[in-house]
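User: I'd like to learn how to read a structure like this one, feature by feature. Could you walk me through it?

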Amino acid sequence: MHYTSVRIRERKGRGLIAEASYKDEATGKWRKVSTGLEATGKRAAQKEAEAWLSEIEAEWQRKQQEASALTALGLDADAPLTVSAYVRRYLDGKRHEIEPSTFNGYTRYLDKQITPTLGDVELSKLNPDTVRAWVAKLSEGYSAVTVRKSLTLLRSAMNEAINSDLLIKDPTRGVKAPKGTRPKPNALTVEGVHTVLAVLDALDLTPQLLGIKIALFTGMREAEICALRWSNVDIERGTLYVDEALGRDGAAYYLKDAKTTDSARYVTFGGALADDLRARRERVEADCRAAGVPFDERFFVLGDIRGGFLRPQYLGNKWRELAGAIEIKGTQGTRPTFHDLRHTFATIAIESGVDVKAVSAMLGHSNAAMTLNTYADATREGKRRAALAVENALTVGGGE
């Protein structure tokens with residue numbers, strides 16, 4: 001849009017006004033805009049009028065940029081842009097950049113936490129007070145983790161809106177998510193582990209039961225165990241390499257790289273698990289010979305001789321069945337989940353005096369601080385033993 005040069009005229013008894021004409025691109029008709037001036041002198045009035053013309057031209061340019069940004073996102077530039085509509089478009093733009101399981105999780109946060117209470121708010125009208133009230137409302141019915149992840153998604157989308165010139169300021173600035181309390185790991189005790197292992201040793205070692213043993217002896221995640229291949233297992237050296245996991249997209253599973261750079265790692269194991277892995281491999285090789293199928297190092301350890309993998313849900317279901325049958329309980333007094341076997345490995349390792357950094361590396365944590373935060377109770381016991389050891393050393397040394 002191009003405005004004509006500004007013109008000043010006087011209204012009887014009402015001072016000076018500035019006028020500018022422009023051609024309406026939609027209708028082709030000429031229209032006028034005007035504003036009252038505070039100046040009374042001709043020179044001052046001209047200066048004020050030219051400043052006003054610069055402002056309305058800049059505003060028109062801003063609206064054009066906003067419309068272009070909306071069009072680039074596939075949005076209707078004339079329709080009010082709501083928070084829900086923008087976050088959904090933001091996620092659609094990220095669909096091919098993130099894992100399907102992560103995308104589906106973000107979509108659930110949008111549908112269940114953002115859209116019902118915040119979705120109809122116009123994006124341009126969103127402000128920190130509104131977001132703060134939304135967080136408070138969510139906190140009444142959802143866990144701190146859910147609220148925190150919902151806010152993280154909203155904040156990421158709002159930062160993208162700023163980058164797209166749709167917002168000037170971040171409406172989530174200064175808004176904090178509730179901290180909440182980290183649930184304590186419901187690990188098995190040493191006695192509980194002995195009970196489980198005694199039951200496993202009495203049963204025929206199926207792929208699911210071997211998966212339970214791998215979790216206990218290595219602390220691997222459920223999805224990592226199911227994605228483990230024979231090519232990554234060195235039975236003689238007692239090591240395995242974790243570099244893949246299974247992701248879930250609705251009802252379908254897919255292979256993906258390990259969760260993070262730190263999740264790709266070497267894990268060591270002892271003789272008991274080595275014997276079980278050796279027996280499992282011998283059985284798989286025998287099944288291959290019987291079926292006339294060549295054994296492939298890329299076969300999954302818990303999979304079949306057709307190259308298929310065991311679904312994590314079957315591994316979890318088998319543990320739930322076993323734990324229910326023997327009525328085992330964890331340190332929090334409830335039935336442990338399969339993931340609690342990972343907690344069991346970590347807790348017992350730390351309580352046994354294993355260096356926290358080594359445990360962190362085995363678990364695939366990004367740093368030892370994460371391990372310390374998760375297993376504070378176990379490290380507290382280790383610190384108590386360390387204090388007693390130091391006291392004993394000092395006492396003995398003082399008597400010599």
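Analyst: Sure, let's start with one residue. Glutamate 327 is exposed, since its relative accessible area is 63% and the cut-off for exposed is over 50%. Keep in mind that this is a predicted model.

User: Where does glutamate 327 sit?

Analyst: Glutamate 327 is in the loop between α10 (312-326) and α11 (339-351).

User: And what do I look for in the backbone there?

Analyst: Check the sign of phi. Most residues other than glycine have a negative phi. Glutamate 327 is not a glycine, yet its phi is positive, about 55°. Aspartate 165 is another case: its phi is near 65°, again a positive value in a non-glycine residue.

User: Which loop holds aspartate 165, and is the residue buried, partly exposed or exposed?

Analyst: Aspartate 165 belongs to the loop between α5 and α6. With a relative accessible area of 48%, aspartate 165 counts as partly exposed.

User: What else can I pick out in that loop?

Analyst: Try isoleucine 168, which is in the loop between α5 (144-163) and α6 (190-202). Isoleucine 168 is exposed, at 76% relative accessible area. For a through-space distance, take serine 124: it is 44 residues from isoleucine 168 along the chain, and their C-alpha atoms are 9.2 Å apart.

Proline 178 is found in the loop between α5 and α6 too. Its relative accessibility is 25%, so proline 178 is partly exposed.

User: What does proline 178 touch?

Analyst: Leaving out residues up to four places away in sequence, proline 178 touches Val135, Ser139, Ala144, Val147 and Arg148. Now set sequence separation against space once more: leucine 203 is 25 residues from proline 178 along the chain, and the two C-alpha atoms are separated by 46 Å.

User: How do I read the nonpolar cores?

Analyst: Here's the general idea: in soluble globular proteins, nonpolar side chains tend to be buried together. In this model, the largest nonpolar core has 52 residues, and Ile212, Val233, Leu277 and Trp319 have the most contacts inside it. Helix α7 (residues 207-218) gives the most to this core, with six residues.

User: Which residues does isoleucine 212 touch?

Analyst: Not counting residues up to four places away in sequence, isoleucine 212 touches Leu200, Leu315, Trp319, Leu322, Phe338 and Leu341. There is also a second, separate core of 28 residues, which includes Phe103, Val135, Leu154 and Leu166. Val135 is also one of the residues that proline 178 touches.

User: Okay, zoom out. What about the overall fold?

Analyst: Begin with the secondary structure: the protein has 14 helices and eight strands. Then compare the radius of gyration with the globule rule. The protein comes out at 32 Å, well over the 21 Å the rule gives for 400 residues, so it is more spread out than a compact globule. The C-alpha trace spans about 105 × 75 × 35 Å along its principal axes.

User: How much of the protein is buried, and what does its surface consist of?

Analyst: Buried residues make up 38% of the 400 residues. The accessible surface is about 22800 Å², and carbon and sulfur atoms account for 50% of it.

User: Any last global numbers?

Analyst: Two. Of the contacts with a separation of 6 or more, 58% are between residues 24 or more positions apart. As for charge, the protein has 58 positive and 53 negative charges, and their mean positions are 6 Å apart.

Terms used: Residues are numbered from 1 along each chain as its sequence is written. This is a predicted model: local features need pLDDT of at least 70, side-chain atom pairs count only at pLDDT 80 or more; totals for chains, interfaces and linings use all residues. Side-chain values use heavy atoms; hydrogens and water are left out. Helices (H or I, at least four residues) and strands (E, at least two) are DSSP runs, numbered from the N terminus. The radius of gyration is taken over C-alpha atoms; the globule rule is 2.2 Å times the number of residues to the power 0.38. Buried means under 20% relative accessible area, exposed over 50%, partly exposed in between (1.4 Å probe, protein chains only). Contact means heavy atoms within 4.5 Å. Accessible areas come from the Shrake-Rupley method with a 1.4 Å probe; for residues, only the protein chains shown count as cover. Lys and Arg count as positive and Asp and Glu as negative; His and the chain ends are not counted. The place of a charge is taken as NZ of Lys, CZ of Arg, CG of Asp or CD of Glu. A nonpolar core is a set of buried Ala, Val, Leu, Ile, Met, Phe, Trp, Tyr and Cys residues joined through side-chain atoms within 4.5 Å.
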